[in-house]
Amino acid sequence: MRQAFPVENIVLDRRREQQLRKQLYKELRRLIESRLLPSGSALPSTRVLASDLRVGRNTVIAAYDQLALEGYISTSLGMRPTVSGLPSVDVSPHERARLGISELSVRGQFMSRLPFHHGRPGVMAFHPGLPDADNFPFNTWSKLITRRTKLARTELFGSYFITGYPPLCEAIARYLGASRGVICSPEQIVITNGAQSAFDILARCLTDPGDTVWMEEPGYYGASAALASSGARLMPLHVDDDGWSLEPPATSPRAIFVTPSCHHPLGLTMSMEQRLNLIRLAREWNAWIIEDDYDSEYRFQGQPIPALQGLAPDSRVIFVGTFAKILFPAMRLGYMVVPAALRDSFVAALSSTGQFGPLITQAALADFINEGHLTRHLRRMRRIYAERRSYFIGLFERQLGAWMELRHMDSGIQLVGRFRTQVDDRAIANAAQIQGINVSPLSLQYRNPTRQSGLLMGFAASDQKTTRRAMQRLALIVENALG
Ligand SMILES: Cc1ncc(COP(=O)(O)O)c(C=O)c1O
């Protein structure tokens, strides 16, 4: 189909001093360069364009002559002018073929090999740590977003409030004080694009390449990825069923990464004694503690213990939280609680890495918290998840208990099942993926060879019917793999 000539895109201003022929020439050149007039397309005849634009025919003739002179159009007698092909640099197949991973920096190549587990839209069954989409109050959320969008003319319009929208920082500081024993002022809250961007900023701002970071083993691969990408040397802080083994590493660390309220992936809670020991060790070394508190809102057994940050407020403990689990991951909002003296140092780091949060979403989230929707949502989801969790555990033990042992975690919205014999858990997770079951291999969480094989499984995003079907399929996959 022939494209209509975009005459409405030509703007001529008769009040300007510049001659109309010059203006028309520039407008046509702009349309050709921006490919709005593709090569080979025909321009209108001089008579038609002059009449459409209500200018003299000579004006059009002069503009066309100039374009022809510069090679933008070609003209031949009695024919309408056509747009010429614009020059471009030829890229040889050889050059194109070389554009592989090896052309990235050493860091880029390292990062391109880091393991991640994302999932696919619609494949919710057993996705670790994924909250339930069906029970999220999307109507309320969209009303709040719409309301804030309408108010975006002024303070939500530009790149302002780099460390976070003040009413949201206030709401988070209040919430953390009441629910997690975090002791901070709103000025200590720095909003990020999810916890992952906090890890990236902290890795870059707290450590230099070659510095040692004491990282949980097994531990969250997202945090290891951010720390290792910034050049840190990761030393294992071993965690097993007995807790965190605080046997100091050979080199004193610059930072320590822990998930004390719900260890990722094993789901343990760090005892008060270990917390105090860890703070003491960090103090001796002048090391930072990065405390990742990602899903402790959902606790199903055992007593919650206040955050490390609250045991040593305004010190070297940086508390990191996220809305990925209590609301949803794609919201991409998280935060860190930093020492008051350091808050302003993060403005440039957030700006240079572009990791400051979207303001309209932040404002809507502040309303969501302040108007009581978060508390109501959490109350409702705790009840739903508790039911889903016990249903999942019952089915799992009946159908997979012969091959796998389920760890009963204190909190969180995922569980770990360990194979009773050593197997290739990645192969099993891949086979499950093909059947629409999104489990993550436990070995992915280990960086060193002493791996345990198992599966990390979420129970929150699937209702009973989905859980029943997925469990049957998973049992068949495991049975086939293990005979
Ligand atoms: C241990 C841990 N920390 C943090 C996060 C949250 O990351 P984000 O807020 O970047 O989605 C996750 C997400 O899965 C996690 O498993």
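Helices and strands are DSSP runs, with at least four residues for a helix and at least two for a strand, numbered from the N terminus. The exercises below use these labels on a predicted model.

**Exercise 1. Locate G436 and state whether G436 is buried, partly exposed or exposed.**

Solution. Start with the flanking elements: G436 sits in the loop that runs between α15 (425-434) and β13 (440-441). Next, count neighbours. A residue is buried with 20 or more other C-beta atoms within 10 Å of its own and exposed with 12 or fewer. G436 has 16 other C-beta atoms within 10 Å, so G436 is partly exposed. Then list contacts: leaving aside residues up to four places away in sequence, G436 touches V123 and A125. Finally, take a distance across the chain. G436 and G56 are 380 residues apart along the chain, and 67 Å separate their C-alpha atoms.

**Exercise 2. Do the same for S41: which loop holds S41, and how is S41 classed by exposure?**

Solution. S41 belongs to the loop between α1 (20-33) and α2 (46-53). With 17 other C-beta atoms within 10 Å, S41 is partly exposed. For a pair distance, take P81: S41 and P81 lie 40 residues apart in sequence, and their C-alpha atoms are 8.6 Å apart in space.

**Exercise 3. Describe the overall form of the chain from its radius of gyration and its spans.**

Solution. First, the inventory: the chain contains 16 helices and 14 strands. The radius of gyration is 30 Å, whereas the globule rule gives 23 Å for 483 residues; the chain is therefore more spread out than a compact globule. Along the principal axes, the C-alpha trace spans about 90 × 55 × 50 Å. The domain assignment then divides the chain into domain 1 (7-83), domain 2 (138-375) and domain 3 (376-482). Between the centres of domain 1 and domain 3, taken over C-alpha atoms, there are 66 Å. As for burial, 40% of the 483 residues count as buried. Among contacts with a separation of 6 or more, 72% come from residues 24 or more positions apart.

**Exercise 4. Trace the order of the eight-stranded open sheet and follow the register through β7.**

Solution. The order is β3-β10-β9-β8-β7-β4-β5-β6, with mixed pairing. The edges are β3 (189-192) and β6 (243-244); each has a single partner strand, so one side of each lacks a neighbour in the sheet.

Now move through the sheet from β4:

- β4 (residues 212-217) pairs with β7 in the parallel sense over three bridges, and M215 has F257 as its bridge partner in β7.
- β7 pairs with β8 in the parallel sense over four bridges, and F257 has I290 as its bridge partner in β8.
- β8 (residues 288-292) pairs with β9 (residues 317-322) in the parallel sense over four bridges, and I290 has I318 as its bridge partner in β9.

Last, look at side-chain directions in β7 (residues 255-258): A255 and F257 point one way, I256 and V258 the other way, and all are buried.

**Exercise 5. Which residues are closest to the ligand, and which helix gives the largest share of the shell?**

Solution. The ligand is surrounded by 14 residues, the closest being G194, Q196, H264, Y294 and T322. Helix α8 (residues 194-206) supplies the largest share of the shell, three residues. Sorted by class, the shell has five nonpolar, eight polar and one charged residues.

Note on methods. Residues are numbered from 1 along each chain as its sequence is written. This is a predicted model: local features need pLDDT of at least 70, side-chain atom pairs count only at pLDDT 80 or more; totals for chains, interfaces and linings use all residues. The radius of gyration is taken over C-alpha atoms; the globule rule is 2.2 Å times the number of residues to the power 0.38. Two residues are in contact if their C-beta atoms, placed from the backbone, lie within 7 Å. A residue is near a molecule or strand if its C-beta atom, placed from the backbone, lies within 6 Å of it. Ala, Val, Leu, Ile, Met, Phe, Trp, Tyr, Cys and Pro count as nonpolar, Asp, Glu, Lys and Arg as charged, and the others, Gly among them, as polar. Domain bounds come from an automatic or database domain assignment. Two strands pair if DSSP finds at least two bridges between them.
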